[in-house]
Amino acid sequence: MEIPDLVRQELGDEEIQAGVNLGDEDAVCFTPTRTLVYRGEGLLSDEKVTAHPHDFERLTISEGRRKTKFTLYYTDEKRDFGVPNDRAGTILERLLEGKLRVSNGIDADESVTGVFRFSELTLVVTDTQLLKHLGNVTWDADYEAYLFEDVTGLDFEEGSVATAIVLSVNDRPERIKAPAEQAPTVRKTLQEALFAYHDVSSLADLNAKVGTEPEDGSDADGGLGLESGIDPLVGDDEETDEDQSEQRSTQSAAAATQQQPSTADAEPATKSTVQPSSTDRGGDVEALERQVAELTAAVERQTERIERQEQTIKTLIKELRQGR
């Protein structure tokens with residue numbers, strides 16, 4: 001891409017690290033500290049360059065039918081610019097890379113290899129870490145970082161609507177849901193970054209290399225299972241009929257699963273004992289399979305509720321911090 005003279009005049013001592021052609025004569029250029037948006041001369045406007053420093057505090061994105069608008073919030077002002085939708089992804093990667101560099105979120109030689117936005121979740125994959133931001137803004141200082149050197153496992157649970165990325169960091173699993181249509185790209189980008197970092201060529205090799213076993217043989221979650229009796233930190237003020245139904249389904253299915261073998265063991269075997277027919281055994285198996293299916297569905301719904309509650313907690317913490 002040819003760099004316009006007006007952009008070169010704006011550079012000063014900096015160098016252009018990347019550029020994106022927006023069509024016609026318009027372009028976006030990136031320096032280590034700024035994003036420079038160039039607009040060519042038009043029928044109703046002169047050519048100009050606007051600078052957007054990378055020390056912004058917050059970034060929001062709004063998508064229209066043809067254009068995507070980036071709004072950067074600073075301490076005393078906000079600045080925005082629009083680009084065609086098909087250029088927005090590349091520009092977001094370079095913009096967040098610049099932001100993370102000036103704020104020391106990534107090293108000077110670290111590169112962003114992918115940025116993904118799912119509703120109120122933004123994921124950033126770099127050479128050495130995965131960054132996760134939750135909230136209605138695309139980016140601010142409230143994000144989490146998972147270093148590749150601390151990864152102890154990676155798995156993917158595919159579903160019809162979403163794929164769960166299960167990234168274990170220091171043996172603690174972090175579940176991230178990606179929409180099914182975007183999940184393959186997320187998976188490819190994250191795997192390639194992790195494979196390169198750990199010098200492996202497959203998911204199996206990665207897990208074999210980074211996986212660890214608990215020294216005392218205890219569960220990674222500290223022994224807190226589904227029946228631990230500990231409620232989520234944040235509960236609904238009013239329990240819905242669906243929640244009550246889920247709990248009853250979980251309890252009855254779990255109880256039935258536990259009682260099935262004990263009933264047979266409790267009855268002493270005598271000469272007069274009537275052995276169940278194959279039809280009865282088949283019916284028992286079918287009933288047990290239905291109960292297990294109900295239990296599995298209830299557990300999945302409960303897991304989704306807990307994830308929503310975790311997001312609520314993080315939002316509350318963020319609001320409390322902002323209100324200080």
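Let me begin with lysine 132, which is buried, its relative accessible area being 6%. This is a predicted model, and I would ask you to keep that in mind for everything that follows. The side chain of lysine 132 meets that of glutamate 174 in a salt bridge, with 2.4 Å from N to O. This pair links distant parts of the chain, since lysine 132 sits in strand S10, residues 129–134, and glutamate 174 in strand S14, residues 172–179, with the two positions 42 residues apart in the numbering. Glutamate 174 is buried as well, with a relative accessible area of 17%, a value that falls under the 20% limit for that label.

How many salt bridges does a search of the whole structure find? The search returns 15. Another one that links distant parts of the chain joins arginine 34 to glutamate 14, where the closest N and O atoms are 3.1 Å apart. Here arginine 34 belongs to strand S3, residues 34–39, while glutamate 14 lies in the loop between helix H1, residues 5–11, and S1, and the two are 20 residues apart. Arginine 34 has a relative accessible area of 15%, and is therefore counted as buried.

A salt bridge within one helix comes next. Arginine 94 and glutamate 97 bring their side chains together in a salt bridge, at 3.4 Å from N to O. Why are these two residues separated by about one helical turn? They are three residues apart in helix H2, which covers residues 85–102, and that spacing is the reason for the separation of about one turn. Arginine 94, at 19% relative accessibility, counts as buried because the limit is 20%, and glutamate 97 is buried too, with a relative accessible area of 11%. The pair also takes part in a network of salt bridges, in which Glu93, Arg94, Glu97 and Arg101 are linked.

Let me turn to the aromatic side chains. A search of the whole structure finds four aromatic pairs, and I will describe two of them. In one pair, the ring centres of phenylalanine 70 and phenylalanine 81 are 5.3 Å apart and the ring planes stand at 15°, so the pair is stacked. These two residues also link distant parts of the chain, with phenylalanine 70 in strand S6, residues 67–73, and phenylalanine 81 in strand S7, residues 78–84, the positions being 11 residues apart. As for their surroundings, phenylalanine 70 is buried with a relative accessible area of 0%, and phenylalanine 81 counts as buried at 4% relative accessibility.

The other pair I have chosen is formed by tryptophan 139 and tyrosine 143, whose ring centres are 4.9 Å apart and whose planes stand at 25°, so this pair is stacked also, given that planes under 30 degrees apart receive that label. Is each partner buried, exposed or partly exposed? Tryptophan 139 counts as buried, at 1% relative accessibility, whereas tyrosine 143, at 26%, counts as partly exposed.

Now for the surface. Glu2, Asp5, Asp24, Glu25, Glu41, Asp46 and Glu47 gather there in a patch of negative charge. Two members of the patch deserve a word on their setting. Glutamate 25 has its place in the loop between strand S1, residues 18–23, and strand S2, residues 26–30, and at 51% relative accessibility it counts as exposed, because the limit for that label is 50%. Aspartate 24 lies in the loop between S1 and S2, and is exposed, with a relative accessible area of 80%. The backbone of aspartate 24 also calls for comment, as its phi is positive, at about 55°, although the residue is not a glycine.

Where else does a residue other than glycine have a positive phi? Asparagine 104 is such a residue, with phi near 60°. Asparagine 104 lies in the loop between H2 and strand S8, residues 112–118, and is exposed, with a relative accessible area of 68%.

I will finish with valine 125, which has its place in strand S9, residues 121–126, and which counts as buried at 1% relative accessibility. The C-alpha atoms of valine 125 and valine 112 are separated by 5.9 Å, while along the chain these residues are 13 residues apart.

Terms used:
Residues numbered from 1 in each chain as written. Predicted model: local features only at pLDDT ≥ 70, side-chain atom pairs only at ≥ 80, totals over all residues. Heavy atoms only, no water. Patch = residues over 30% accessible without salt bridge, like charges linked within 9 Å, V, L, I, M, F, W, Y side chains within 5 Å. Areas by Shrake-Rupley, 256 points an atom, 1.4 Å probe, with all protein chains shown as cover. Salt bridge = Lys/Arg side-chain N within 4 Å of Asp/Glu carboxyl O. Lys, Arg positive; Asp, Glu negative; His and termini not counted. Charge placed at Lys NZ, Arg CZ, Asp CG, Glu CD. Helix = DSSP H or I, 4+ residues; strand = E, 2+ residues; numbered from the N terminus. Buried < 20%, exposed > 50% of the residue type's maximum accessible area, 1.4 Å probe, protein only. Phe/Tyr/Trp six-rings, centres within 6.5 Å; stacked < 30°, edge-to-face > 60°.
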